[in-house]
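Biologist: I'm new to this one. Could you take me slowly through the main sheet and whatever sits on or beside it?

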Amino acid sequence: MTAPYHGRCNCGAVTATFSAEPVWVRQCWCRQCQKSAAGSCTTNALFLTDSFTLSGDLRWFSYEADSGNGVEQGFCASCGTPVIGRNTARRHACVIRLGFIEPPHDLAPTSAIWLDDAPDWAVIDPALQRFARQPPPPPETPA
Ligand SMILES: [Zn+2]
Ligand SMILES: [Zn+2]
C-alpha cells in the first residue's frame with residue numbers, strides 16, 4: 001500500500017495525512033530514542049514537511065544534540081504517543097514515528113543507526129544497512 005498514509009495517536013486527539021512517500025525509514029538506537037521508545041529503538045520515517053498535514057495538540061520536548069543541532073520531539077499532549085521529530089539542521093523535513101502511522105502499509109526500515117548505543121540484547125535484522133553512529137546526511141532533497 002502506498003501514499004496517502006494516515007496517522008493517529010493512541011487516543012485519537014492527534015491525526016495526520018501523508019500525501020507522499022517518505023524519503024527513508026530507519027531505526028535509531030541512540031540513548032534518547034531508547035528513552036522515547038521505552039527501551040528499544042525508535043523507527044522513523046522522514047517526510048518532507050510539505051507532504052503532510054498534522055492536526056491536534058502536541059507537546060514538545062527540546063534539547064541540543066551532541067552535534068550541536070537543536071532537536072524537538074513532539075508527542076500527543078493527551079496520551080503521550082510519540083509523533084514527530086524536528087532538527088534545526090533539517091528544516092525541510094520531519095521524522096514521523098512509524099507507530100503513529102496506521103496500517104495497512106508497507107513502510108519498513110532499511111537501515112539501523114547508532115548501533116554503538118544499542119543494548120547487548122538488541123536483535124538487528126541483518127538485511128538492514130548498519131551505522132555505528134549518525135550516518136552522513138542523505139543528498140539534499142529539493143525543498
Ligand atoms: Zn493521543
Ligand atoms: Zn535516536
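**A walk through the sheet**

Modeller: Here, 8 strands make an open sheet with mixed pairing, in the order β6-β7-β8-β9-β4-β3-β10-β11. Strands, like helices, are DSSP runs numbered from the N terminus (H or I over at least four residues for a helix, E over at least two for a strand), and two strands pair if DSSP finds at least two bridges between them. At the edges lie β6 (58–64) and β11 (129–130), each pairing on one side only.

A word on ground rules: this is a predicted model, where local features need pLDDT of at least 70 and side-chain atom pairs count only at pLDDT 80 or more, while totals for chains, interfaces and linings use all residues. Residues are numbered from 1 along each chain as its sequence is written, chains are lettered from A and ligands numbered from 1 in the order in which they are written, and side-chain values use heavy atoms, with hydrogens and water left out.

Let's step into the sheet at β3 (residues 24–28), which pairs with β10 (residues 111–113) in the parallel sense over 3 bridges. Gln27 has Ala112 as its bridge partner in β10. Trp24 has company too: the charged end of Arg26 sits over its ring, 3.7 Å from the centre. For that label, NZ of Lys or CZ of Arg must be within 6 Å of the ring centre and within 35 degrees of the ring normal. Arg86 does likewise with Trp60, its charged end sitting 3.8 Å from the ring centre.

Now for the metal. The zinc ion (ligand 2) has Cys28 (SG), Cys30 (SG) and Cys33 (SG) as its protein donors, 2.1 to 2.3 Å away. Donors are N, O and S atoms within 2.8 Å of the metal (3.2 Å for Na, K and Ca), and sites may look incomplete, as water is not among the atoms. Along the chain, the zinc donors are spaced C-x1-C-x2-C. Cys28 and Cys33 are both buried, where buried means under 20% relative accessible area, exposed over 50% and partly exposed in between (1.4 Å probe, protein chains only).

Next comes β4 (residues 42–48), home to Thr42. Thr42 has a relative accessible area of 5%, so it is buried. Its side chain joins that of Asn44 through a polar contact of 2.8 Å; such a contact is a pair of N or O atoms within 3.5 Å, and within protein one must be able to donate a hydrogen and the other to accept it, with residues adjacent in sequence counting only if both atoms are side-chain atoms.

What about aromatic pairs? The whole structure has 4 of them. Phe47 and Phe52 are an edge-to-face pair because their ring centres are 6.5 Å apart and their planes meet at 70°. Phe61 and Tyr63 are stacked instead, 5.4 Å centre to centre with 25° between the planes. The rule takes rings of Phe, Tyr and Trp (its six-membered ring) with centres within 6.5 Å; planes under 30 degrees apart are stacked, over 60 edge-to-face, and the rest tilted. Phe47 and Phe52 are both buried, and Phe18 joins them in one aromatic cluster. Phe61 has a relative accessible area of 43%, so it is partly exposed.

Last stop: Leu98, in the loop between β9 (90–97) and β10. At 13% relative accessible area, Leu98 is buried.
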